[in-house]
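Student: I have a structure open and I am new to it. Can you show me how to read its features, one by one?

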Amino acid sequence: MKKLFSLILLLPLSYMGFTQTLKVSYSPDIFKEAFSGRVVVYLSKDQKEPKDQGIGFVTFPCFAMDVTNIEPGESVIFDDKAISFPTTLSNIERGTYYIQAVWDRNLGGRAIAQSPGNLFNTSQTITLTKNYEVVFEVVANTMVPEKEPFIENDYVKAIEIPSTLLSDFHGQDFSLKAAVLLPEAYYSEPEKEFPVLYRVYGYGGDYMFMSGRKEPAELLDDIPVIQVILDGNCALGHSVYANSDNNGPWGDALTQELIPAIEKRFRGNGTRLLRGHSSGGWTVLWLQTQYPKVFHGTWSSAPDPVDFESFQRINIYEDTNMFYDAKGDLRLVSTVAGAIPWGYMKTIYNLEYVVYRGEQMRSFDAVFSGKDANGWPYSICNVETGKIDPEVVNQWSRYNITKYLLEHWDSIKEDLQGKVRVSVGNQDNFLLNHAVRSMDEKIKALQTGFEFAYYPGDHFTVFRLDDYVPDATAFLKQKLLEHENSRN
């Protein structure tokens, strides 16, 4: 009996009928309508605004519930039945936490915590003890405001155009946005038309970064060009400007709607170059291969996985699990200098299951996967076990750029030959160099004329090298001159 009593003392209180409980509601002062959607609760012992802590690789407690027709002032009860990370509410470490709840109205913003129109509470603290009967109340009293207007001047302009293609897909008004950087020569030579360099940032990058910039567009070596900062953010993550079952026809909308509008308004001369890093690197490589007649040269820097036989060192066609390798060891999603573990696939998938949209792994699903019966992207793997779904692998295969090149080279080589440069650091934090090398080796026999370049450094430090950007700039200049000479 003494031994049994000792075992009972070791059991979590949640197993004995006691459950930590939160009551979450929103004030009618900020939103008077009923709410249907997901409510996410963020906790942190260190960050005063826990909703704003970086998702990626920080392991913090968060919890979620999907609700329907909740009225202002009506409470949603969070307990151990809530979707949770890293464990249930009753079993997280006791102590004092900052807490914020976000009511996601899913109005189009990417990051839930910063999406305009979402409801949240100003940060408060709660102290979790072993007394599980204490019920904490959290009332959303604030709405995420709209972003500040883009600040324009002579050299920096914003452009926003309605997209018929994306509006038809989503069944509501949809616009495409970008920042346009103009060179000094744009004003000193008012009749001249200019080449356009389209740039795509990595994950989370935003054309609004250019708001208020006062400098003219940089020269491409010694050639004045218009630079356009594209914005691939969408409700499900980064669109990467790919036509997809979930995000819609972003590639077609870019090439058929946004680009013609930009070049008509700002005197583009029809020569188009692409430059992007990370998710932007994958974007520009995809665009160049899918629309080889539209673009005339591309620098893809440290792109997201370009070969799905090395998807962050996972072969999605042969491996059976995203979380564990054949030895049962956890698979890495991020590293320090390409070697020291920093984050694991299991952690990021489990965390994003709670946050549910707008983050990196779910973004891959949104682009590469089909749409399920509930209108959400299929997941490449079971979010609890990591088991890879072969049917979803088939859906992803449509976006395997290496596979696409191998299967379609004969039909695209005339328009694509020699137009691509891919560069990456040998110690890439996200193991992206492995997929680049895999592509490099597999397409050698095609004689594509693509340049592949490898540098010492990781995902970020390569830009500090003296030759990383200049080498790529020289390539883009060469492609520009080749295209313009071909027209003369």
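Tutor: Let us start with one residue. Y455 sits in strand β24, residues 451–455. Keep in mind that the model is predicted.

Student: Is Y455 buried or exposed?

Tutor: Relative accessibility settles that. The cut-off for buried is under 20%. Y455 has 6% relative accessibility, so Y455 counts as buried.

Student: Which residues is Y455 in contact with, leaving aside its neighbours within four places in sequence?

Tutor: Two groups of numbers appear in the list. R421, S423, V424, G425 and N426 are among the contacts. V462, L465, D467, Y468 and D471 are in contact with Y455 too.

Student: How far apart are Y455 and K48 in sequence and in space?

Tutor: Sequence and space are two separate readings. In sequence, Y455 and K48 are 407 residues apart. In space, the C-alpha to C-alpha distance is 39 Å.

Student: Let me try a loop residue. Where does S163 lie?

Tutor: Look to the elements on either side. S163 is in the loop between β11 (156–162) and α2 (164–170). Its relative accessible area is 1%, so S163 is buried.

Student: What does the side chain of S163 make a polar contact with?

Tutor: The partner is the side chain of E257, at 2.6 Å. E257 also appears among the residues that S163 touches, beyond those up to four places away in sequence. The others are F174, S175, L176 and A253.

Student: Now helices. At what angle do α5 and α9 pack?

Tutor: Read the angle and the axis distance together. Helix α5 (residues 279–290) and helix α9 (residues 401–416) pack at about 50°. Their axes are 9 Å apart. The two helices are therefore oblique to each other.

Student: Which residues of α5 and α9 meet?

Tutor: From α5 come W282, L285, W286, Q288, T289 and Q290. From α9 come I401, Y404, L405 and L416. By class, the contact of α5 with α9 has seven nonpolar residues, three polar and no charged.

Student: And how do the axes of α6 and α7 cross, and at what angle?

Tutor: Use the same two readings. The axes of helix α6 (residues 345–355) and helix α7 (residues 360–368) cross at roughly 75° and come within 8 Å. So α6 is roughly perpendicular to α7. M345, I348, Y349 and E352 of α6 make the contact with Q360, M361 and R362 of α7. The contact of α6 with α7 divides into four nonpolar, one polar and two charged residues.

Student: Next, the backbone. Which peptide bond is cis, with omega near 0°?

Tutor: Omega is the angle to check here. The bond from F85 to P86 is cis, with omega near 0°. P86 lies in the loop between β5 (83–85) and β6 (95–104).

Student: What is phi of A302, and what is phi of A337?

Tutor: Check the sign as well as the value. Phi of A302 is near 40°, positive in a residue other than glycine. Phi of A337 is near 60°, again a positive value in a residue other than glycine.

Student: Where do A302 and A337 lie?

Tutor: A302 is in the loop between β20 (298–301) and β21 (332–336). A337 is in the loop between β21 and β22 (340–344). Accessibility adds to the picture. A302 is at 1%, so A302 counts as buried. A337 has a relative accessible area of 38%, so A337 is partly exposed.

Student: Last, the rings. How is a pair of aromatic rings described?

Tutor: Two values describe a pair: the distance of the centres and the angle of the planes. A search of the whole structure finds 33 aromatic pairs. Take Y26 and W103, an edge-to-face pair with 4.9 Å centre to centre and 75° between the planes. This pair links distant parts of the chain, 77 residues apart. Y26 is in strand β1 (residues 21–26) and W103 is in strand β6. Both Y26 and W103 are buried.

Student: And how are the rings of F323 and Y324 placed?

Tutor: Their centres are 6.4 Å apart and their planes are at 70°, so this pair is edge-to-face. F323 has a relative accessible area of 0%, so F323 is buried. Y324, at 29%, counts as partly exposed.

Student: Which residues do ring pairs link into a cluster?

Tutor: The cluster holds W282, W286, F308, F311, F364, F368, W396 and Y399. You have met W282 and W286 already, in the contact of α5 with α9.

Key. Residues are numbered from 1 along each chain as its sequence is written. This is a predicted model: local features need pLDDT of at least 70, side-chain atom pairs count only at pLDDT 80 or more; totals for chains, interfaces and linings use all residues. Side-chain values use heavy atoms; hydrogens and water are left out. Helices (H or I, at least four residues) and strands (E, at least two) are DSSP runs, numbered from the N terminus. Buried means under 20% relative accessible area, exposed over 50%, partly exposed in between (1.4 Å probe, protein chains only). A polar contact is a pair of N or O atoms within 3.5 Å; within protein, one must be able to donate a hydrogen and the other to accept it, and residues adjacent in sequence count only if both atoms are side-chain atoms. Contact means heavy atoms within 4.5 Å. Axes are lines fitted to C-alpha atoms, for helices over the stretch in contact, and angles run from 0 to 180 degrees between N-to-C directions. Angles under 35 degrees count as roughly parallel, over 145 as roughly antiparallel, 65 to 115 as roughly perpendicular and the rest as oblique. Ala, Val, Leu, Ile, Met, Phe, Trp, Tyr, Cys and Pro count as nonpolar, Asp, Glu, Lys and Arg as charged, and the others, Gly among them, as polar. Rings of Phe, Tyr and Trp (its six-membered ring) pair if their centres lie within 6.5 Å; planes under 30 degrees apart count as stacked, over 60 as edge-to-face and the rest as tilted.
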